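Please look over the structure below, with attention to how its helices pack and how its strands pair.

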Amino acid sequence: MSKILIHTTSLIEAQPIVDFFNLEKLTNPIENTIYSNDDLILIVSGVSKEEILDSLNYIFKNFQISKAFDLSIASCSDGSIALGTLFCTNRFINGLNFANVTTVEKALETDKDLETLLVDKQAEFFRQTCKENIQDFYILKIVSDYFDETTPSEKEIFQLINDSILKWKNLI
């Protein structure tokens, strides 16, 4: 039976999703944490390019995936956009904001030369892997900071993800 994949890079991003969809932790042969129910599978990959690619390749090799979501926080170059604003970065969806995202492997200290509204650490790696494996995938970003602030706390990240669920769950 095929499942819908949700990808996050941290346990704190995953926890509200695990709670909302009543996902259970699976025992698996890789180091990453995987949760599942009858319809969904969620993997927490870690932040590095290698961790993301290895995790996603494992999922696509070992599970039948019908649709995939990358859900995570992103920095925003426009301080007038509210924290918690949800964007889809790879397709236009009625009722959701659209913006381009730049993926970086190291955190940016400024948005001076940034040509996109959003920046994250995994969207491009997720996009590349999905394009090789399925057609139906979504890259969803939640504005968490504006570069010139301190990194959001785990409590703030949990709340941002938790508050976003009702905005995207209908895409599943």
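The briefing that follows takes up one helix pair and one strand with its partners. The model is predicted, so that local features need pLDDT of at least 70 and side-chain atom pairs count only at pLDDT 80 or more, while totals for chains, interfaces and linings use all residues. Residues are numbered from 1 along each chain as its sequence is written, and side-chain values use heavy atoms, with hydrogens and water left out.

**Helix packing**

- Helix α1 (residues 11-20) and helix α4 (residues 154-168) have axes that come within 8 Å and cross at roughly 45°. That makes α1 oblique to α4, a term for angles outside the classes under 35 degrees (roughly parallel), over 145 (roughly antiparallel) and 65 to 115 (roughly perpendicular).
- The crossing of α1 and α4 is right-handed, meaning that the near helix is turned clockwise from the far one by less than a right angle.
- In contact (heavy atoms within 4.5 Å), α1 contributes residues including I12, P16, I17 and F20, and α4 contributes residues including I157, F158, I161 and W168. By class, this contact of α1 with α4 has 10 nonpolar, 2 polar and 3 charged residues.

**Strand β10 and its partners**

- In strand β10 (residues 137-145), 9 of the 9 residues are buried, so the strand is largely enclosed by the rest of the structure; buried means under 20% relative accessible area with a 1.4 Å probe, protein chains only.
- Strand β5 (residues 65-76) runs parallel to β10 and is joined to it by 8 bridges, with D70 standing opposite I139 of β10.
- Strand β6 (residues 86-88) pairs with β10 in the antiparallel sense over 3 bridges, and the bridge partner of C88 in β10 is L140; pairing requires that DSSP finds at least two bridges between two strands.

Technical notes. Axes are lines fitted to C-alpha atoms, for helices over the stretch in contact, and angles run from 0 to 180 degrees between N-to-C directions. Helices (H or I, at least four residues) and strands (E, at least two) are DSSP runs, numbered from the N terminus. Ala, Val, Leu, Ile, Met, Phe, Trp, Tyr, Cys and Pro count as nonpolar, Asp, Glu, Lys and Arg as charged, and the others, Gly among them, as polar. Buried means under 20% relative accessible area, exposed over 50%, partly exposed in between (1.4 Å probe, protein chains only).
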